[in-house]
Amino acid sequence: MGNIVWLVSYPKSGNTWFRAFLAALLDENQESPDINRLAGGPIFSSRYVFNNYTGLDSSDLLPDEIDKLRPAVYRKLSSEAATTVFIKAHDAYTYLSDGNPLFPTEATRCALYLVRNPLDIAPSFANHSTSSLDKTISSMCDAKDAFCGNPKNLHNQLRQWLLGWSGHIKSWLSAEAIPVRFIRYEDMKAKPLETFINAIQFAGLTHSLDAVANALDACAFEKLRQQEAENGFREKGLRVNAFFRKGEVGSWRETLEDRHVDQLIKTHADIMHRFGYLDGAENPVY
Amino acid sequence: MTKVRGDALVVFKAKKKYLLYGVVIGLPFTFSQLRESDSDPDVVVNLGPIEHQDIRWAEEGLCHKAAPGVYFIRIQGIANYLVRNGCEIVVEMVDGADPEAVKLFLLHPVMGALLIQRDLLPLQGSCVVYKKRAFALLGASATGKSFLAAGLMKKGLKVLSDHICCVIENPHLMVTPGYPFLLLWHKGLRLLGEQNNRFARVRQGLEKYFFPLDCMAEEGVAPLCGIYLLSNWNRDGHEFDTLTGFDKMFRILDHTYHEPSVKAMGIFKWQQKIGSALAKCVPVKSYRFSAYEDRAQKSIDSLYENILAAAEK
């Protein structure tokens with residue numbers, strides 16, 4: 001078993017909040033975790049990490065050539081780690097042309113997969129990427145969608161296959177080689193103590209209930225939002241007022257039009273049912 | 001003249017000679033984008049099998065190995081390269097490999113290792129010249145170094161090198177000219193008002209192009225008069241910050257090209273020495289700017305104004 005715990009999610013599903021929680025939990029002296037120095041970084045798709053470990057200039061490599069080397073990079077990183085390392089990832093669970101998974105099994109302790117209602121993701125993702133709702137939802141419904149996948153530009157991160165919202169989740173549901181725990185964002189909000197302690201226990205951490213409660217308090221949404229207002233947040237988009245906006249469950253009802261809702265439900269109904277986002281009559285639960 | 005692997009790469013018995021970082025390289029094949037030379041080669045490149053079983057490596061990475069005076073790197077599906085004593089490179093091509101890719105990896109990372117072996121300090125970045133004074137633009141991959149250099153060239157500055165900024169101490173700190181082109185992505189060309197179909201791709205499948213410097217390239221070495229450490233941020237506008245103190249040297253050396261191999265190749269002390277000289281003699285500024293395309297021209301203009309002001313001091 002490896003040392004890496006993957007913090008996996010489709011974008012805008014609570015990964016940053018979870019990393020803030022981890023930062024507070026792992027450094028109990030912090031009153032509030034520094035949002036620009038969160039746990040779970042660097043991201044799995046970091047170009048910097050790839051270049052440093054391979055000694056290559058990834059900008060000279062084709063995306064498929066890069067993917068072939070990514071498992072080896074994280075096998076080495078895991079072997080060099082003295083303890084558990086949390087690494088954020090937005091990649092779907094995919095396989096390389098040689099049949100091996102992109103996420104190296106030997107380097108992996110487990111994966112925590114954060115799931116969020118796609119109806120709430122859509123407006124948040126559109127705002128984050130300063131894109132229209134139509135375009136964002138089209139990407140969320142595109143089974144071939146990739147992040148940083150435009151070959152005409154050099155992105156600061158490596159290409160990440162997203163495969164659409166449900167495609168992303170399905171890929172991780174089929175990841176049998178590694179233990180995966182699915183955690184709903186809505187449960188993180190509704191019953192945080194229970195949800196977060198279950199998650200960290202799955203990852204092998206043994207912190208007390210008090211420690212978890214203190215960490216949750218330290219990374220309360222308002223504190224993160226205030227910190228961003230005072231110091232900025234490096235993961236925020238340029239034209240976006242704030243990264244930490246609402247984080248509320250069900251706020252899609254203020255933003256999405258019926259056609260947006262219909263498109264998301266039509267494309268993702270099976271997985272939305274599975275995770276409790278639709279009732280038996282295909283109506284949104286949240 | 002011998003042809004190998006169908007018509008993939010034309011190999012010549014007599015070496016083709018090219019000037020790169022002040023070093024004459026003798027190649028067994030044509031590299032038409034490089035600047036030719038009439039001088040005897042300082043470095044000979046040969047095609048053939050690589051034997052390295054007897055070498056005791058000081059460092060073994062995922063793709064590379066290094067020891068004093070020796071560096072080996074494997075580019076899967078393309079070629080293996082062995083660099084020895086700063087004067088010899090052996091290239092073992094993979095059958096059916098794209099010859100353009102074989103040449104590209106010869107430029108980097110292989111040339112970077114060669115420069116280290118020759119006691120030259122390769123820094124990760126581009127270099128521009130104004131009034132015969134060189135200014136290095138250093139930064140991590142995807143920061144926008146080549147794009148800024150191209151933008152500065154359009155405003156009248158000369159480009160001395162791209163991707164690797166090679167510093168020599170002779171006795172002053174100077175920068176040597178690199179290859180006579182910039183490597184620009186499709187989007188970068190578009191932002192500069194250029195059509196990508198006018199330029200050759202660096203290799204099949206990559207939307208990255210040779211953007212020739214032509215007569216605008218500076219011919220000789222130039223004294224290094226300023227270093228800009230580039231990074232992107234998600235705010236409007238930009239920020240210059242002058243670096244001072246002990247931290248300055250380490251911030252520069254963080255940008256050493258293939259830093260992990262430096263120690264293994266046995267020149268760590270020398271690297272520290274030249275890094276110390278750089279920190280002592282050359283003004284260093286951080287330049288944080290927005291990478292968004294509607295801010296691109298502003299980022300170029302701000303850097304241009306700052307370089308002009310620095311050059312007049």
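Trainee: Which residue forms a salt bridge with A:R159?

Mentor: This is a predicted model. In it, the closest N and O atoms of the pair are 2.8 Å apart. A salt bridge needs the nitrogen within 4 Å of the carboxyl oxygen. The partner of A:R159 is A:D67.

Trainee: How many residues apart in sequence are the parts that this pair ties together?

Mentor: A:R159 lies in the loop between strand 4 (146-147) and strand 5 (160-161) of chain A. A:D67 sits in helix 3 (residues 63-80) of chain A. So the bridge ties together parts whose separation in sequence is 92 residues.

Trainee: Are A:R159 and A:D67 buried or exposed?

Mentor: Buried means under 20% relative accessible area. A:R159 meets that description, and so does A:D67. Both are buried.

Trainee: Which residues are joined with A:R159 into one network by salt bridges that share partners?

Mentor: A:D67 is one of them. The network also takes in further residues of chain A. Besides A:R159, the members are A:D64, A:D67, A:R70 and A:D91.

Trainee: Where in chain A are the two partners of the salt bridge between A:R259 and A:D134?

Mentor: Their side chains meet at 3.0 Å, N to O. The pair links distant parts of the chain, 125 residues apart. A:R259 is in helix 11 (residues 258-274), and A:D134 is in helix 5 (residues 133-140).

Trainee: Are A:R259 and A:D134 buried, partly exposed or exposed?

Mentor: The partly exposed class lies between 20% and 50% relative accessible area. A:R259 has 46%. A:D134 has 37%. Both therefore count as partly exposed.

Trainee: Which partner in the salt bridge between B:D294 and B:R295 counts as buried?

Mentor: The closest N and O atoms of this pair are 3.0 Å apart. B:D294 is partly exposed, at 46% relative accessible area. The other partner has 19% relative accessibility, so it is buried. That partner is B:R295.

Trainee: How many salt bridges are there over all chains?

Mentor: The pair A:R159 and A:D67 is a salt bridge. So is the pair B:D294 and B:R295. A search of the whole structure gives a total of 27.

Trainee: Why is B:C127 not bonded to B:C165?

Mentor: B:C127 is buried, with a relative accessible area of 0%. Its closest cysteine sulfur is in B:C165. A disulfide needs the sulfur atoms within 2.5 Å. The pair is too far apart for a bond because the gap is 4.3 Å.

Trainee: How many disulfides are there over all chains?

Mentor: B:C166 is another cysteine to check, and at 0% relative accessibility it is buried. Its sulfur is 7.7 Å from the closest cysteine sulfur, in B:C165, so no bond forms there. Over all chains the count is 0.

Technical notes: Residues are numbered from 1 along each chain as its sequence is written. Chains are lettered from A and ligands numbered from 1 in the order in which they are written. This is a predicted model: local features need pLDDT of at least 70, side-chain atom pairs count only at pLDDT 80 or more; totals for chains, interfaces and linings use all residues. Side-chain values use heavy atoms; hydrogens and water are left out. Buried means under 20% relative accessible area, exposed over 50%, partly exposed in between (1.4 Å probe, protein chains only). Helices (H or I, at least four residues) and strands (E, at least two) are DSSP runs, numbered from the N terminus.
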